[in-house]
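Got the model loaded in your viewer? Keep the selection box handy, and we'll walk through it stop by stop.

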Amino acid sequence: MRLKIVETEEFYIAGIEVDMGFDWDEFFEAPDPVLSEIEHAVKNNVYYFFSDGEKDIFGKRVSSIENLPERCIAAKIPAGLYSKVPNILSTYEHDMFSMTNYEILDEDEYREFVFGPNGNYHMYVYRSVEYLPNIVNVRQIPVLPEARAKQLRKQYIETFFDAKFAGFSIKDM
């Protein structure tokens with residue numbers, strides 16, 4: 001399970017405004033017909049959800065925002081680095097980040113729904129990220145030889161614990 005980072009160019013989503021109680025599954029069973037009227041859709045089987053803090057938009061990625069149907073609005077997704085996590089793995093997202101030099105920014109997030117046959121879809125969550133070169137990447141920490149590890153452990157215990165008070169010796173550890 002590795003974190004996937006993608007670099008995106010700025011793009012637009014054209015769609016309809018939805019409220020916080022928006023039900024994805026209900027929508028996918030009976031999509032709003034106005035979305036089929038959107039011209040310049042990049043892929044017809046892919047939908048996007050984006051929230052800018054003021055409004056939530058559900059729609060399609062478009063190559064142009066000209067001639068939008070009534071009730072449609074557009075939102076710009078900024079260019080940048082984004083983590084791409086399949087929704088099914090989102091519970092492991094923090095574990096994925098802990099193995100990298102990337103940090104989630106509190107700025108932009110959007111979701112992508114890719115439809116396949118029979119109405120099945122995959123959802124991906126994209127979050128803006130920043131590469132931080134000075135963070136310790138646990139994948140790059142070298143493993144110490146066993147003798148050196150034992151020596152450092154003994155030294156740590158002698159420094160920070162009162163082994164005599166606890167009733168055991170360092171040899172017992």
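Select Glu109 and Arg127 and show their side chains: the two form a salt bridge, with 3.1 Å between the closest N and O atoms. Bear in mind as you zoom in that this is a predicted model. The pairing joins parts of the chain that are far apart, since Glu109 belongs to strand S7 and Arg127 to strand S8, 18 residues apart. Now switch on a surface. Glu109 counts as partly exposed because its relative accessibility is 29%, while Arg127 has 18% and therefore counts as buried.

Keep Arg127 on screen and add Glu93. Here is a salt bridge again, this one with an N to O distance of 2.7 Å. Glu93 sits in helix H2 and Arg127 in strand S8 (residues 121-131), so you are looking at a link between distant parts of the chain, 34 residues apart. Is this pair buried or exposed? Both Arg127 and Glu93 are buried.

Add Arg111 to the selection. Together, Glu93, Glu109, Arg111 and Arg127 make up a network of salt bridges. As background, side chains of opposite charge can pair when their charged atoms come close. How many salt bridges does the structure hold? The count is five.

For a contrast in setting, jump to helix H3 (residues 146-160) and pick Lys150 and Glu146, which both lie there, four residues apart, or about one turn of the helix. Their side chains meet in a salt bridge, at 3.4 Å from N to O. Lys150 counts as exposed because its relative accessibility is 56%. Glu146 is exposed too, with a relative accessible area of 57%.

Next stop, the loop between helix H2 (93-98) and S7, where you'll find Thr100. What does its side chain reach? One partner is the backbone nitrogen of Tyr102, at 3.1 Å. A polar atom of the Thr100 side chain also lies 3.0 Å from the backbone oxygen of Phe97. Thr100 comes out at 15% relative accessibility, so it counts as buried.

Time to go inside. Select Phe27, Leu35, Tyr47, Phe58 and Phe113 and show them as spheres: these are the residues with the most contacts inside the largest nonpolar core, which has 16 residues. Colour by element and you can trace where the core comes from: strand S2 (11-18), helix H1 (24-29), strand S3 (46-51), strand S4 (56-62) and strand S7 (102-115) each give two or more residues. Which element gives the most? S2 does, with three residues.

Centre on Phe113 and expand the selection to its contacts. Leaving out residues up to four places away in sequence, Phe113 touches Trp24, Phe28, Asn45, Val46, Tyr47, Phe49, Phe58, Tyr121, His122 and Met123. There is also a second, separate core of 12 residues; try selecting Phe11, Ile13, Tyr82 and Tyr110, which are among its members.

Back to the largest core and to Leu35, one of the residues with the most contacts in it. Where does Leu35 sit? Its place is in the loop between H1 and S3. Leu35 has a relative accessible area of 1%, so it is buried. Beyond its sequence neighbours up to four places away, Leu35 touches Gly15, Ile16, Phe27, Tyr47, Phe58, Gly59 and Lys60. Try a distance label on that last one: the C-alpha atoms of Leu35 and Lys60 are 7.6 Å apart, with their positions 25 residues apart along the chain.

Stay in the loop between H1 and S3 and select His40. What is its phi? His40 has a positive phi of about 65°, although it is not a glycine. For reference, most residues other than glycine have a negative phi. With a relative accessible area of 35%, His40 is partly exposed.

Last selection: Arg71, in the loop between S4 and strand S5 (73-77). Arg71 is not a glycine either, yet has a positive phi of about 75°. Its relative accessibility is 57%, so Arg71 counts as exposed.

Conventions
Residues are numbered from 1 along each chain as its sequence is written. This is a predicted model: local features need pLDDT of at least 70, side-chain atom pairs count only at pLDDT 80 or more; totals for chains, interfaces and linings use all residues. Side-chain values use heavy atoms; hydrogens and water are left out. A nonpolar core is a set of buried Ala, Val, Leu, Ile, Met, Phe, Trp, Tyr and Cys residues joined through side-chain atoms within 4.5 Å. Buried means under 20% relative accessible area, exposed over 50%, partly exposed in between (1.4 Å probe, protein chains only). Contact means heavy atoms within 4.5 Å. A polar contact is a pair of N or O atoms within 3.5 Å; within protein, one must be able to donate a hydrogen and the other to accept it, and residues adjacent in sequence count only if both atoms are side-chain atoms. A salt bridge is a side-chain nitrogen of Lys or Arg within 4 Å of a carboxyl oxygen of Asp or Glu.
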